[in-house]
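Here is a brief report on one structure. Please keep the sequence and the model in view while reading.

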Amino acid sequence: MSNYFITGGAGFIGSEFLRVVLRNDPDCVITNFDALTYAGRRENFEGLGFEDAGTRGHGNTGTRFFVKGDIRDSEAVMATLPDECDAIFHLAAESHVDRSIESAHDFVTTNVLGTQVLLDCAREKRVKRFVHISTDEVMGSLPEDDSTFFTEDSPFEPNSPYAASKAAAEHLVRAASETFGLDTVITRCGNNYGPRQFPEKLIPLMISNALADKPLPLYGDGLNVRDWIYVTDHCEAIWEVYKMAEPGSVYNIGARNTIRNIDVVTTILDILDKPHSLIEPVEDRLGHDRRYAIDPARIENEIGWSPKVSWEEGIRRTIDWYRQ
Ligand SMILES: NC(=O)c1ccc[n+]([C@@H]2O[C@H](COP(=O)([O-])OP(=O)(O)OC[C@H]3O[C@@H](n4cnc5c(N)ncnc54)[C@H](O)[C@@H]3O)[C@@H](O)[C@H]2O)c1
């Protein structure tokens with residue numbers, strides 16, 4: 001029976017990843033380790049059978065444990081990490097760029113130091129594989145024209161404190177692999193959308209405001225481009241990479257779906273039958289990356305993964321979820 005330790009399982013992507021793991025490996029043991037910050041909610045994993053387990057989740061008789069704990073706390077991580085752990089899936093992070101611009105402190109302690117704590121614990125407990133969830137934002141911003149893409153070999157050029165903290169975390173994961181031979185894999189995904197995302201990010205904020213007939217604040221000229229992927233597709237890609245990737249490898253994850261922010265917002269308004277006059281341009285975000293676009297050829301060719309949910313279907317599912 002496989003035994004997995006998943007950080008950030010109360011968050012947006014982590015809670016979807018729990019569902020994907022349980023579908024792919026229903027008999028596994030999972031410890032869901034999450035500090036329940038403002039972004040983590042118990043409701044996100046309600047109904048999946050997780051029981052509260054203090055720190056010694058693996059000592060209980062069930063197979064799905066929730067432990068409220070902080071990845072910066074090495075004693076708590078060591079006390080919780082199973083002795084025979086097949087994989088750590090590391091999704092816990094401070095994840096909102098705007099908050100990192102207000103204060104980078106928690107981003108450095110959680111995303112950088114917290115990752116190092118997990119790597120040290122993984123080595124000590126001889127965890128078989130460390131799967132690190134990163135972001136395309138470590139590679140900075142692309143030019144406006146649509147001829148360039150991020151590949152796995154693109155240089156690191158993080159522009160926000162969030163992206164810089166995720167870049168630092170990736171370097172530490174690589175160092176653990178190169179120096180100590182820890183079996184690591186890294187995934188870098190673009191912008192996710194879907195149910196259970198905290199409504200501070202673009203899509204859930206715009207849906208929530210449109211539903212309430214409130215103004216939709218759109219940064220700058222609205223022409224920033226993001227590469228959108230439905231959250232389930234991202235989580236299935238992580239699972240496939242976990243099963244198939246070579247130790248030390250890096251995979252970009254993308255759905256070949258680049259859209260301008262203004263077009264995302266008008267799509268939401270049109271589906272909800274709300275007027276475009278609700279859009280309210282606001283002063284641009286500091287250091288706002290202009291364009292993200294991922295070349296997913298490596299994961300498509302080497303792992304055989306491809307996304308299943310189209311943008312048209314995914315955005316409708318997402319809107320339906322927030323409406324309910
Ligand atoms: N959202 C995206 O579009 C996106 C894209 C690419 C990569 N990522 C990465 O995916 C991961 C998950 O992102 P998300 O959007 O689900 O984030 P989220 O903010 O929704 O969830 C983060 C989770 O981590 C937990 N957490 C935060 N600090 C912690 C700490 N110190 N100890 C333990 N738990 C802590 C929170 O309680 C929360 O449940 C992050 O690593 C993020 O960088 C996100």
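## Ligand shell

The model is predicted. In it, 30 residues surround the ligand. The closest are G11, I13, A39, G40 and A93.

Four elements each supply at least two residues of this shell: helices α1 (12-24) and α4 (105-124), and strands β6 (129-135) and β8 (191-193). Helix α1 gives the most, with 3 residues. By residue class, the shell divides into 13 nonpolar, 12 polar and 5 charged.

## Overall build

The secondary structure of the protein chain comes to 10 helices and 13 strands. The C-alpha atoms fill a box of roughly 55 × 40 × 40 Å along the principal axes. The radius of gyration is 19 Å. For 324 residues, a compact globule would have a value near 20 Å, so the chain agrees with that expectation.

Of the 324 residues, 48% count as buried. Contacts reach far along the sequence. Among those between residues at least 6 apart, 81% join residues at least 24 apart.

## The eight-stranded sheet

An open sheet is formed by 8 strands, in the order β3-β4-β2-β1-β5-β6-β7-β11, and the pairing is parallel. Its edge strands are β3 (51-52) and β11 (250-253), each of which pairs on one side only. Strands of a sheet pair through backbone hydrogen bonds, in either the parallel or the antiparallel sense.

The register can be followed from strand to strand. Strand β1 (residues 3-7) pairs with β5 (residues 87-90) in the parallel sense over 4 bridges. Here F5 has I88 of β5 as its bridge partner. Strand β5 in turn pairs with β6, again parallel and over 4 bridges. At this step F89 is matched with V131 in β6. Next, 6 bridges join β6 to the parallel strand β7 (residues 184-189). H132 stands opposite I186 in β7.

Strand β6 also belongs to the ligand story, as it supplies at least two shell residues. It is mostly covered: 6 of its 7 residues are buried.

## A second parallel pair

Strand β9 (residues 216-219) pairs with β13 (residues 279-282). The sense is parallel, and there are 4 bridges. Y219 has V282 of β13 as its bridge partner.

Which residues of β9 are buried, and which are not? L216 and L218 point to one face and are buried. P217 and Y219 point to the other face and are not buried. In a regular strand the side chains alternate between the two faces of the sheet.

## Helix α7

Helix α7 covers residues 231-244, 14 residues in total. From its first C-alpha to its last it reaches 20 Å, close to the 20 Å expected at 1.5 Å a residue. Its buried residues are V231, T232, D233, H234, C235, E236, A237, I238 and V241.

## A long-range contact at L142

L142 is found in the loop between β6 and α5 (161-180). Is this loop residue buried or exposed? L142 is buried, because 22 other C-beta atoms lie within 10 Å and 20 or more suffice for that label.

Where do its contacts lie? Leaving aside neighbours within four places in sequence, L142 touches T148, R291, Y292 and A293. R291 is 149 residues away from L142 in sequence. In space the two are 5.0 Å apart, C-alpha to C-alpha.

## Two arginines with positive phi

Neither of the next two residues is a glycine, yet each has a positive phi. R126 has phi near 55°, and R196 has phi of about 70°. Both are in loops. R126 lies between α4 and β6, while R196 lies between β8 and α6 (202-211).

Their surroundings are as follows. R126 counts as exposed, because it has 10 C-beta neighbours inside 10 Å. R196 counts as buried, because it has 20 such neighbours.

How values were computed. Residues numbered from 1 in each chain as written. Predicted model: local features only at pLDDT ≥ 70, side-chain atom pairs only at ≥ 80, totals over all residues. Near = placed C-beta within 6 Å. Nonpolar A, V, L, I, M, F, W, Y, C, P; charged D, E, K, R; others polar. Buried ≥ 20, exposed ≤ 12 C-beta atoms within 10 Å, placed from the backbone. Contact = placed C-beta atoms within 7 Å. Rg over C-alpha atoms; globule rule 2.2 N^0.38 Å. Expected span 1.5 Å × (residues − 1). Pairing = 2+ DSSP bridges.
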